[in-house]
Amino acid sequence: MPHNLPTSSSFDVSILDCKFGFPTTYRVIVKRPQGERIVTRRYRDFERLREGLPALHERLPPLPPKAAPSMLKHTFRAERQHALDRFLASVMQLVPAIDNDALRAFLDVTEEEINLARIFCSPDDNVRLDGGVGTGQDGVPAALGTQRQRWAQQSQVASGSSSSSTAPSPVSGSGHVNSSGGRTFFPPVSEPEVLLTLQVLPLQDLPAHLDGAQQRLQVITEMLRAFMAQKTVVTSGLVLHGLGYRFVVVKSWPAEGIMDNNTAVFVEGPTLPRLQRVQFIALKQRTQRETDTELISNFLRPHFVSMFSDKTRCPIVTVGQILKVSDVSFHVSAMDPAQEGLGVVEESTQVFADYHDAAEFVRIHVVPFTDTLPSAYGFDLFTDYVKPFFEAHKNETFVLGQCFTQNGVQFKVVGAEPGGSCRVGSCTEIFTEGQLHPTAGELLTPDQTRLLAMLPPFLQMLTVQSDAFGNGEVAGRIMAAQAANSQRRQSALSPEALDRIARKESWTETLLGQTEDSNRCVVCLANFHEGDGVRQLPCQHVFHAGCIDEWLERDARCPLCRLGLRPTSRRT
């Protein structure tokens with residue numbers, strides 16, 4: 001008996017992330033019963049989708065503007081992405097059968113895929129066999145998925161309204177963009193990842209004939225194969241048995257996941273030491289009634305006692321580790337012996353605990369210096385630099401104006417709330433929009449800046465090159481940036497040269513047929529209108545005259561194809 005197509009789609013669609021550029025693109029994740037697919041779409045594709053649903057125009061939310069006077073705000077892109085995500089959610093709710101050509105083209109799905117999706121749905125009660133549900137009591141459609149239901153419910157509770165509001169969209173990496181454009185460290189809900197690496201060490205000294213890397217691996221091979229066959233979720237502290245000896249997982253990447261044949265297992269290292277003392281710092285501020293003893297009696301002691309009775313787990317800790325116990329996070333700050341930086345907590349181990357004195361930032365804005373950013377490869381600023389740094393410095397405090405370096409990229413704290421010395425926690429919103437040029441005002445501390453201001457101009461550069469200011473490093477970066485800016489100004493096109501290469505004209509429909517993209521300027525992301533002043537470059541790309549004139553004052557290359565426009569750099 002064939003199944004009927006349910007009233008709620010078995011496709012879950014949302015925007016994964018946004019890549020700002022010329023033009024800006026959005027990665028849309030289409031979750032089908034057959035698996036996930038990611039399609040890249042431009043703003044114009046969203047316009048085409050809306051145009052292909054004329055009967056639903058009054059019921060669909062409006063598309064956000066391509067450009068706005070506030071587009072340079074750090075929240076503009078996130079707000080636009082959230083509005084587009086809400087538009088997609090509404091489309092999937094109103095067209096659950098995906099029986100519209102424009103929607104199928106947008107999702108890049110075929111009739112066969114839609115028919116195949118029917119077997120994943122119950123024909124009567126609209127209950128998804130994969131655990132999803134249809135339209136629930138709160139009116140949230142199943143197409144949004146379980147996680148998006150929670151977002152919608154949280155938004156309703158926060159606003160006190162029963163109507164659906166914009167839900168934040170997950171982004172690449174482990175951070176999440178929230179309603180104000182910042183990212184936090186809350187991990188996305190997902191299936192267990194496959195481990196890339198795994199380190200296993202013995203809990204007792206091994207005899208000489210078993211103490212080599214190959215011999216250790218042979219001892220635990222059967223246990224590792226069992227983990228793979230049973231898809232056991234492997235985490236730090238998991239105990240392995242082999243030939244009467246006990247080994248323990250001390251580290252893995254990711255921190256939790258399942259093994260496969262490609263997981264690299266490392267067994268080199270010392271026997272895990274038994275700790276005599278270990279110091280924990282609770283990452284929370286002390287209230288008037290709380291004492292250090294309560295941290296041990298209410299949190300740490302029950303946690304370790306439960307692990308002592310679990311023969312499959314071993315209570316190992318690592319310096320710098322964050323240990324989550326109930327609703328309190330503890331930072332492992334010191335241990336004895338400290339040579340290996342990790343060890344086993346036993347019943348005889350002395351445990352010390354204290355509170356962290358600093359509050360947690362509500363939000364913080366860090367910006368990279370342009371001269372330290374890599375230019376030979378692409379990167380995600382938050383995932384590749386900012387997130388790893390703050391995860392490795394969870395116990396440190398930061399203040400406004402402070403600089404730090406991660407993998408060669410220097411950052412500066414340009415905004416923080418609250419003020420004063422605080423730490424970055426799991427709920428802190430982190431903003432990374434913008435860049436800083438290496439000037440004396442940005443590189444020097446406020447005290448150094450005030451000291452320089454007291455000197456005459458001809459002595460300021462000499463003073464910056466002294467040992468008191470980094471032995472000339474700051475001065476060298478400032479002069480290199482000034483030289484680069486001077487070179488860019490020299491390579492810029494003069495107004496006369498620009499008029500010879502691309503004369504100013506008015507936008508007409510005739511020009512639309514000559515452009516390679518849609519009828520918009522990719523510099524300001526606004527549509528062209530009849531009579532707008534535009535310039536068409538030799539590469540046939542068209543821009544608003546004011547936009548491209550300002551661009552070419554800084555860089556004499558096409559923003560899209562990078563064609564050199566100076567007479568000596570033109571391609572033939």
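Here is a short tour of a few spots to click on in this structure.

Before you start, know that this is a predicted model, where local features need pLDDT of at least 70, side-chain atom pairs count only at pLDDT 80 or more, and totals for chains, interfaces and linings use all residues. Residues are numbered from 1 along each chain as its sequence is written, and side-chain values use heavy atoms, leaving out hydrogens and water.

**Stop 1: two cysteines.** Select Cys539 and Cys558. How many disulfides does the structure hold? Zero, with a disulfide being a pair of cysteine sulfur atoms within 2.5 Å. For Cys539, the nearest cysteine sulfur is that of Cys558, 3.6 Å away. Cys539 counts as buried because its relative accessibility is 14%, and Cys558 is buried too, at 0%. (Buried means under 20% relative accessible area, exposed over 50%, partly exposed in between, using a 1.4 Å probe and protein chains only.)

**Stop 2: two cis prolines.** Now jump to Trp253 and Pro254: the peptide bond joining them is cis, with omega near 0°. Pro254 sits in the loop between β10 (245-253) and β11 (256-258). These labels come from DSSP runs, numbered from the N terminus: helices are H or I with at least four residues, strands are E with at least two. Next, pick Glu417 and Pro418, where the peptide bond is also cis, with omega near 0°. You'll find Pro418 in the loop between β22 (409-417) and β23 (422-423).

**Stop 3: positive phi.** Go to Lys231, in the loop between α6 (213-230) and β8 (234-235). Lys231 isn't a glycine, yet its phi is positive, about 55°. Is Lys231 buried or exposed? Exposed, at 58% relative accessibility. Finish at Asn407, in the loop between β21 (403-406) and β22. Asn407 is no glycine either, and has a positive phi of about 50°; at 62% relative accessibility, Asn407 counts as exposed.
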